[in-house]
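User: I am new to this structure and would like to know how each label is reached. Please set the values beside the definitions as we go.

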Amino acid sequence: MYLIDISRNGQPSYDARVNQSLDNYFVNDLKLPGHGFMFYINKPSVIIGRNQNAWAEVDIDYLHEHKIELVRRTSGGGAVYHDMGNFIFENILTDNADDFGDYAHFAEPVLKALRKLGLDVQMKENSSDLILNGKKWSGMTMFKSGQGLAAGGTIMYDLNIENAKRSLTENQLEKQKRLGVLSKRSEIVNLKDYLPDGMTMADLREYLLKEIFQVKSLDDIETYHMTDEDWQRADKRLEETYGTDAWNFGHNPGYYDYADKELSAGKLGINWTIDDGKVEHLKLNPFFKLDGDVDAIEAYLTGKKISERVVKKAVKKGHFANINPDELADFLIEKLD
């Protein structure tokens, strides 16, 4: 087994959209032989499964307000919150998918290391969650592509639990539409209070890597360092797909089209489906603090055929104080009609 170093120009990568796409790059593009292992940290972000409806899972306005990034995985799984108090580990195999679906197999090295510290950590029965005292400290996910796979999860050391709760506030009306895979919410816990006194996050990282790789020094771990060519190819994938708002915000089951535009007040995204000439689903996504009621627009337009008169009437129902109503109406007419 070897460690995959995803630092860039000597600096760690904390960009969630970048980091969450690299497993796909290693499995499908680079295809290094053997068993790779990634261990990294993301800046505040919410990671949702490939087949999830972000509108049902996440408080999008809270994310924008607190500069928390939304990232859609290339794999399945539920919605989770990441920040600088949380590790992510991933196993990368490109030529052996025999253990696909066996979460316990990939969790065991982490569980074994933590048990040596006296933590009674377990895998939750009939689940991909790892628990301590019945509370979740890791959610795992994996995907398979040909004979390759990626499998891993979180390790919550000192996660901001309040931010996690606020970010993952579900929209009940949207949830009832049952568009996409729904998350299973669990009470979460940080490991910090259960670890040996004074064990910092850096200490835990070093300890886990030594235990997982069975070495006495981090210098003894065989490491693959991403090259300039790797980053060029990864950047291209991000530019085309995984780094775009069309993928992260727009790729929602049941919502088949996405567009965004810089209005005078700020960037506005829309996600919609037209069926038989009528609006079936519609969500407006202002990336700025909007003084008005987007729900009123969505509710009025849903089920209607689009016309200039109908859209302008809907926009009036929003009672916006900081956006040009004609500018908004023109954008909606252009995309929905």
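The questions below go from the whole protein to single residues.

User: What should I know about the model before reading any values?

Analyst: This is a predicted model, in which local features need pLDDT of at least 70 and side-chain atom pairs count only at pLDDT 80 or more, while totals for chains, interfaces and linings use all residues. Residues are numbered from 1 along each chain as its sequence is written, and side-chain values use heavy atoms, with hydrogens and water left out.

User: What makes the protein as compact as a globular protein of that length?

Analyst: The globule rule is 2.2 Å times the number of residues to the power 0.38, and the radius of gyration is taken over C-alpha atoms. For 337 residues the rule gives 20 Å, and the radius of gyration of the protein is 22 Å, close to that value, so the protein is as compact as a globular protein of that length. Its C-alpha atoms fill a box of roughly 70 × 45 × 35 Å along the principal axes, and the protein has 12 helices and 14 strands, where helices (H or I, at least four residues) and strands (E, at least two) are DSSP runs numbered from the N terminus.

User: How do you know that the span of helix H4 agrees with its number of residues?

Analyst: The expected span is 1.5 Å times one less than the number of residues, so the 13 residues of H4 (residues 103-115) should span 18 Å, and the end C-alpha atoms are indeed 18 Å apart. H4 nevertheless has a kink of about 35° centred on proline 109, the bend at a residue being the angle between axes fitted to the seven residues ending there and the seven starting there.

User: Why is valine 310 called buried, and asparagine 9 exposed?

Analyst: Buried means under 20% relative accessible area, exposed over 50%, and partly exposed in between (1.4 Å probe, protein chains only). Valine 310, in helix H11 (residues 308-317), has 7% relative accessibility and therefore counts as buried. Asparagine 9, in the loop between strand S1 (2-5) and helix H1 (16-30), reaches 73% and therefore counts as exposed. Asparagine 133, in the loop between S8 and S9, is also exposed, because its relative accessible area is 53%.

User: What is notable about phi in asparagine 9 and asparagine 133?

Analyst: Most residues other than glycine have a negative phi. Asparagine 9, however, has a positive phi of about 50°, and phi of asparagine 133 is near 55°, again a positive value.

User: What makes a set of residues a nonpolar core?

Analyst: The members must be buried Ala, Val, Leu, Ile, Met, Phe, Trp, Tyr or Cys residues joined through side-chain atoms within 4.5 Å. The largest such core has 38 residues, of which Phe39, Leu114, Trp137, Ile155 and Leu208 touch the most other members. The largest share of this core, seven residues, comes from H7. A second, separate core of 27 residues includes Phe288, Ile297, Phe331 and Leu332.

User: Which residues does phenylalanine 39 contact, leaving aside its neighbours within four places in sequence?

Analyst: Contact means heavy atoms within 4.5 Å, and the partners of phenylalanine 39 are Leu3, Phe87, Ile88, Phe89, Ile155, Arg205, Leu208 and Leu209. Across the protein, among contacts between residues at least 6 apart in sequence, 70% join residues at least 24 apart.
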